[in-house]
Amino acid sequence: MEIQFDTDAMSNLLCRPAALTALIRAARHGAWSVFISLDVLSELLSSSSQKHLRARAEGLLRLFAELEGQFHTSLGTSEIWPVELDRVVASTPRAPKKRDESVRTVLTDLVRARDPTATGAREVREELMGKKAVWEQQAIQDRRRFRDLFIEKRLKFRSLVSELRAYGPSMVPEGIYTIVLRDIVERPHFPVSKLFRNTRRYRSIRTWAALQHLMMFAETVPPDILNQHPMGRWLRSGRNDVFDAAVAAGAAYSDLLVTEDAILTERCRFLRNRQCIGFRPIGLDELLRLQC
């Protein structure tokens, strides 16, 4: 079984020694492969707290040492996409061995440093915050545009709910795939039709696209209307929606995504129930109970 963690779940695990011990024991017993994506790793190491940064580095080094051959870094989402366009991917794409080794070196340096926040973590944090600022600005613009359209066309939330109830892989707009192919992986001539036809391939791109589509629904509906239906609780837009979608897309080839994010969990459950994604979202405590 392959297991991915999002940032909050991994952070929670690393600050709870007993939980970390329980995970190691369960992973050994169940022969689990446990992954941390480079996207999640970058966010974990962007902390401005010396205490948190050192604890995270120590916990990750413990996972590498005690789950030798079972704990790995995996590619970030944007690195997975060219790989899955070029060949069939059957399991979580691992980072190259040299990258694993460099990650261990960085973690060791963080543990040994008097001030771990000054050993490259500041640059990681500033780069990540810069990316998030760009994503948030784009989300603000989208929110205004979609909500103005909602009001202008006098759309009804109930009609959007009906559309969501009939949701499936074929309903993801072609334009989202086009953006990925043209602007992110720079493969403008790759046939978009392949992404629709072969539902067993291109899992990461398809996961990203489906979550982006749900974000469009979230940006469309004004907040005061969302409380009209239970779906409204996970259609609320948030600052980290884009990053969360990237983390989930990075887990597309795993069996489980461990997350403490209630909204991301609901969105992933919704998409899994409609055959849009293959992995199952699960909380940390629920994961640890699997081997009890």
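Buried here means under 20% relative accessible area and exposed means over 50%, with partly exposed in between. Keep that scale in mind for the close-ups below, which come from a predicted model.

**View 1. Arg269 and Glu266 pair up within helix H14.** Arg269 makes a salt bridge with Glu266, and their closest N and O atoms sit 3.8 Å apart. Both residues belong to helix H14, which covers residues 262-273. They are three residues apart there, or about one turn of the helix. Arg269 has a relative accessible area of 39%, so it counts as partly exposed. Its partner Glu266 comes in at 22%, which makes Glu266 partly exposed as well.

**View 2. Arg28 and Glu66 bridge two helices.** What separates this pair at the closest N and O atoms? The gap in the salt bridge between Arg28 and Glu66 is 4.0 Å. Arg28 is in helix H2 (residues 17-30) and Glu66 is in helix H4 (residues 50-66), so this pair ties together parts that are 38 residues apart in sequence. Glu66 is partly exposed because its relative accessible area is 31%. There's a third player to look for: Arg62 joins Arg28 and Glu66 in a network of salt bridges.

**View 3. Arg187 reaches Asp86 from a loop.** The closest N and O atoms of this salt bridge are 3.0 Å apart. Arg187 sits in the loop between helix H9 (174-184) and helix H10 (192-197), while Asp86 is in helix H5 (residues 77-86), so the pair ties together parts that are 101 residues apart in sequence. Now check how open each end is. Arg187 is partly exposed, since its relative accessible area is 26%. Asp86 has 55% relative accessibility and therefore counts as exposed.

A bit of background for these three views: side chains of opposite charge can pair when their charged atoms come close. If you go hunting for others, a search of the whole structure turns up ten salt bridges.

**View 4. His213 is buried in its place on helix H11.** Helix H11 runs over residues 203-220, and His213 is part of it. Is His213 buried or exposed? Its relative accessibility is 8%, so His213 counts as buried. Which residues does His213 touch, leaving aside those up to four places away in sequence? The list is Tyr167, Met171, Val172, Pro173 and Ile176.

Key:
Residues are numbered from 1 along each chain as its sequence is written. This is a predicted model: local features need pLDDT of at least 70, side-chain atom pairs count only at pLDDT 80 or more; totals for chains, interfaces and linings use all residues. Side-chain values use heavy atoms; hydrogens and water are left out. Helices (H or I, at least four residues) and strands (E, at least two) are DSSP runs, numbered from the N terminus. Buried means under 20% relative accessible area, exposed over 50%, partly exposed in between (1.4 Å probe, protein chains only). Contact means heavy atoms within 4.5 Å. A salt bridge is a side-chain nitrogen of Lys or Arg within 4 Å of a carboxyl oxygen of Asp or Glu.
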